[in-house]
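Trainee: I am new to this structure and should be grateful for a close look at a single part of it. Would you kindly take me through the loops and what lies around them?

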Amino acid sequence: MNQIASNIKLWGFASLTLGLAPFVPEPHIVGKIRWIMGGAHGMQTIDWFDTLLHGTPWVLFIFSIVLNLIKLLRK
(Lines give C-alpha, C1' and ligand atoms only; values in the text may rest on other atoms or scores of the structure.)
Protein backbone atom coordinates (compact mmCIF):
# COMPACT_ATOMS: atom_id res chain seq x y z
CA MET A 1 0.00 0.00 0.00
CA ASN A 2 2.81 2.40 0.84
CA GLN A 3 4.37 2.02 -2.62
CA ILE A 4 1.07 2.84 -4.28
CA ALA A 5 0.65 5.96 -2.16
CA SER A 6 4.24 7.12 -2.59
CA ASN A 7 4.20 6.78 -6.39
CA ILE A 8 1.42 9.29 -7.00
CA LYS A 9 3.49 11.15 -9.63
CA LEU A 10 4.12 7.93 -11.53
CA TRP A 11 0.41 7.01 -11.54
CA GLY A 12 -0.52 10.55 -12.61
CA PHE A 13 1.97 10.45 -15.48
CA ALA A 14 0.83 6.96 -16.51
CA SER A 15 -2.80 8.08 -16.42
CA LEU A 16 -2.16 11.08 -18.64
CA THR A 17 -0.09 9.10 -21.15
CA LEU A 18 -1.00 5.41 -21.21
CA GLY A 19 -4.44 5.94 -19.71
CA LEU A 20 -5.53 8.42 -22.38
CA ALA A 21 -3.64 7.15 -25.46
CA PRO A 22 -4.50 7.37 -28.32
CA PHE A 23 -5.60 10.96 -27.87
CA VAL A 24 -7.29 11.58 -31.24
CA PRO A 25 -10.24 11.74 -31.96
CA GLU A 26 -10.99 11.20 -28.24
CA PRO A 27 -9.10 9.51 -25.41
CA HIS A 28 -9.43 5.76 -25.77
CA ILE A 29 -10.61 5.12 -22.23
CA VAL A 30 -13.40 7.69 -22.68
CA GLY A 31 -14.70 5.77 -25.70
CA LYS A 32 -14.55 2.48 -23.81
CA ILE A 33 -16.41 3.93 -20.81
CA ARG A 34 -19.10 5.33 -23.12
CA TRP A 35 -19.41 1.93 -24.74
CA ILE A 36 -19.80 0.21 -21.37
CA MET A 37 -22.27 2.84 -20.11
CA GLY A 38 -24.31 2.27 -23.27
CA GLY A 39 -24.72 -1.41 -22.46
CA ALA A 40 -21.46 -2.81 -23.86
CA HIS A 41 -23.27 -4.29 -26.87
CA GLY A 42 -20.78 -5.88 -29.21
CA MET A 43 -17.82 -5.73 -26.84
CA GLN A 44 -15.47 -8.64 -27.28
CA THR A 45 -12.86 -10.03 -24.90
CA ILE A 46 -10.12 -7.88 -26.45
CA ASP A 47 -12.20 -4.76 -25.78
CA TRP A 48 -12.59 -5.65 -22.10
CA PHE A 49 -8.84 -6.38 -21.87
CA ASP A 50 -8.10 -3.05 -23.56
CA THR A 51 -10.35 -1.28 -21.05
CA LEU A 52 -8.46 -2.98 -18.23
CA LEU A 53 -5.09 -1.89 -19.63
CA HIS A 54 -6.13 1.73 -20.17
CA GLY A 55 -8.05 1.91 -16.89
CA THR A 56 -5.44 0.46 -14.54
CA PRO A 57 -3.31 3.65 -14.34
CA TRP A 58 -6.44 5.64 -13.46
CA VAL A 59 -7.45 3.18 -10.73
CA LEU A 60 -3.95 3.29 -9.22
CA PHE A 61 -3.86 7.10 -9.44
CA ILE A 62 -7.23 7.52 -7.71
CA PHE A 63 -6.33 4.89 -5.09
CA SER A 64 -3.05 6.70 -4.44
CA ILE A 65 -4.88 10.02 -3.98
CA VAL A 66 -7.30 8.40 -1.52
CA LEU A 67 -4.47 6.80 0.46
CA ASN A 68 -2.60 10.11 0.63
CA LEU A 69 -5.74 11.96 1.76
CA ILE A 70 -6.37 9.39 4.49
CA LYS A 71 -2.74 9.71 5.59
CA LEU A 72 -3.04 13.51 5.62
CA LEU A 73 -6.31 13.48 7.61
CA ARG A 74 -4.87 11.15 10.26
CA LYS A 75 -2.08 13.62 11.09
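**A loop and its surroundings**

Mentor: Please bear in mind that the model is predicted. Let us begin with Pro22, which lies in the loop between helix H2 (8-17) and helix H3 (28-37). The peptide bond that joins Ala21 to Pro22 is cis, with omega at about -15°. Pro25 is also found in the loop between H2 and H3. A cis peptide bond joins Val24 and Pro25 as well, and here omega is about 5°. These bonds deserve attention because most peptide bonds are trans.

We may now turn to the loop between H3 and H4, where Ala40 has its place. Its backbone merits a remark: phi of Ala40 is near 60°, a positive value in a residue other than glycine. Most residues other than glycine have a negative phi. Ala40 has a relative accessible area of 18%, and it is therefore classed as buried, since buried means under 20%.

Finally, consider Trp58, which belongs to helix H4 (residues 45-74). Is Trp58 buried or exposed? Neither term applies: its relative accessible area is 26%, so Trp58 is partly exposed. When its neighbours within four places in sequence are left aside, Trp58 is in contact with Ser15, Leu16, Gly19, Leu20 and Ile29. To convey a sense of distance, Trp58 and Leu73 are 15 residues apart along the chain, and their C-alpha atoms are separated by 22 Å.

Technical notes:
Residues are numbered from 1 along each chain as its sequence is written. This is a predicted model: local features need pLDDT of at least 70, side-chain atom pairs count only at pLDDT 80 or more; totals for chains, interfaces and linings use all residues. Side-chain values use heavy atoms; hydrogens and water are left out. Helices (H or I, at least four residues) and strands (E, at least two) are DSSP runs, numbered from the N terminus. Buried means under 20% relative accessible area, exposed over 50%, partly exposed in between (1.4 Å probe, protein chains only). Contact means heavy atoms within 4.5 Å.
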